[in-house]
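Reader: I am new to this structure. Please take me through it one question at a time.

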Amino acid sequence: MPIQSVDEIWMNGEFVPWDEATVHVLTPTLHYGWGVFEGIRAYATEDGPAVFQHRAHMERLHRSAQILQMDIPYTVDELLESSGELLRRSDLESAYIRPLVYLAYGEMGLNPLPNEVRVAIAAWAWGTYLGDEGLQNGVTAKTSSWVRIGANMIPTGTKACGVYINSSLAKVEVLKAGYDEAILLNEQGEVAEGSGENVFLVKDGVLMTPPLSAGVLRGITRDAIIDFAGDLGIPFVETRLLRQDIYVADEAFYTGTAAEVVPIRSADDREIGAPGPITKQLQDLFFAVVKGKEPRYAHMLDYVTRS
């Protein structure tokens, strides 16, 4: 999906014109993938733009950087203010927000530690990641031949830039095969996640998702869905899953900041069917929350006020 440019990007404490927000070609982040990022969404509400789980995202950005021994020179609160100000200075009512922690040009080599840590935040209008049709009626999934990286290869609990070559390989493979999205298995042959989403199943009224120990990222939307399920009285378990569990599931869906809550209508050519009642219930609640229509979840939204 093409990026629609806006006027400015926040870079290292300053607002820079979009076309001037550049990085030197010799940054080690470009060569070795040593960096971390977040994907955050702001939604249009009756009270103006509202960022979903803003603080949780920036806290995870800090955790990812800490694991990679990158000292972010801005606090969580400073990053929250900077991304909020970026939205205030734009005309965006809804937006995708991308903070990126990267290394400045300096020394080249496999030791990234001598290089200065820098931060940029961009925001742009971005529609439905897997398409409106997929959001409503479900997407087709295929198990990728690419295995999800193990936690002792690269820390799977980080949104590290280099990690996502694994996701991209899986995504390209299934798109070329005619499917919408991938399912990655871990080294034990268990279900891990999608190319950029967590995976949930429903069987006999019980909501299930793989545990973090299966090599999945702890998704912000994943956590929200688990909270919603508890509030709605939907039985839930974290459990190890095999690909065959998806084939015989009553319902299945992906969650993620970009993807939001997307039903899976088939997996490896096994029909799961139209979005089921639990999927629809959770999806409807999710969109009500992010659009500011559920006061009991107002703490999940960070409203951007404009003068």
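Reader: Which residues is leucine 207 in contact with, leaving aside its neighbours within four places in sequence?

Author: This is a predicted model, in which local features need pLDDT of at least 70 and side-chain atom pairs count only at pLDDT 80 or more, while totals for chains, interfaces and linings use all residues. Residues are numbered from 1 along each chain as its sequence is written, and side-chain values use heavy atoms, without hydrogens and water. Contact means heavy atoms within 4.5 Å. By that rule the partners of leucine 207 are Phe200, Leu201, Val202, Ile225, Ala229, Ile234, Pro235, Phe236, Val237, Phe253 and Leu282.

Reader: Which helix gives the most to the largest nonpolar core?

Author: A nonpolar core is a set of buried Ala, Val, Leu, Ile, Met, Phe, Trp, Tyr and Cys residues joined through side-chain atoms within 4.5 Å. The largest has 45 residues, and Leu207 and Leu282 are among those touching the most other members. Helices are DSSP runs of H or I with at least four residues, numbered from the N terminus. With seven residues, the main contributor is helix α8 (residues 277-290).

Reader: Is leucine 30 buried or exposed?

Author: Buried means under 20% relative accessible area, exposed over 50%, and partly exposed in between (1.4 Å probe, protein chains only). Leucine 30 lies in helix α1 (residues 28-32). Because its relative accessibility is 57%, leucine 30 counts as exposed.

Conventions: Helices (H or I, at least four residues) and strands (E, at least two) are DSSP runs, numbered from the N terminus.
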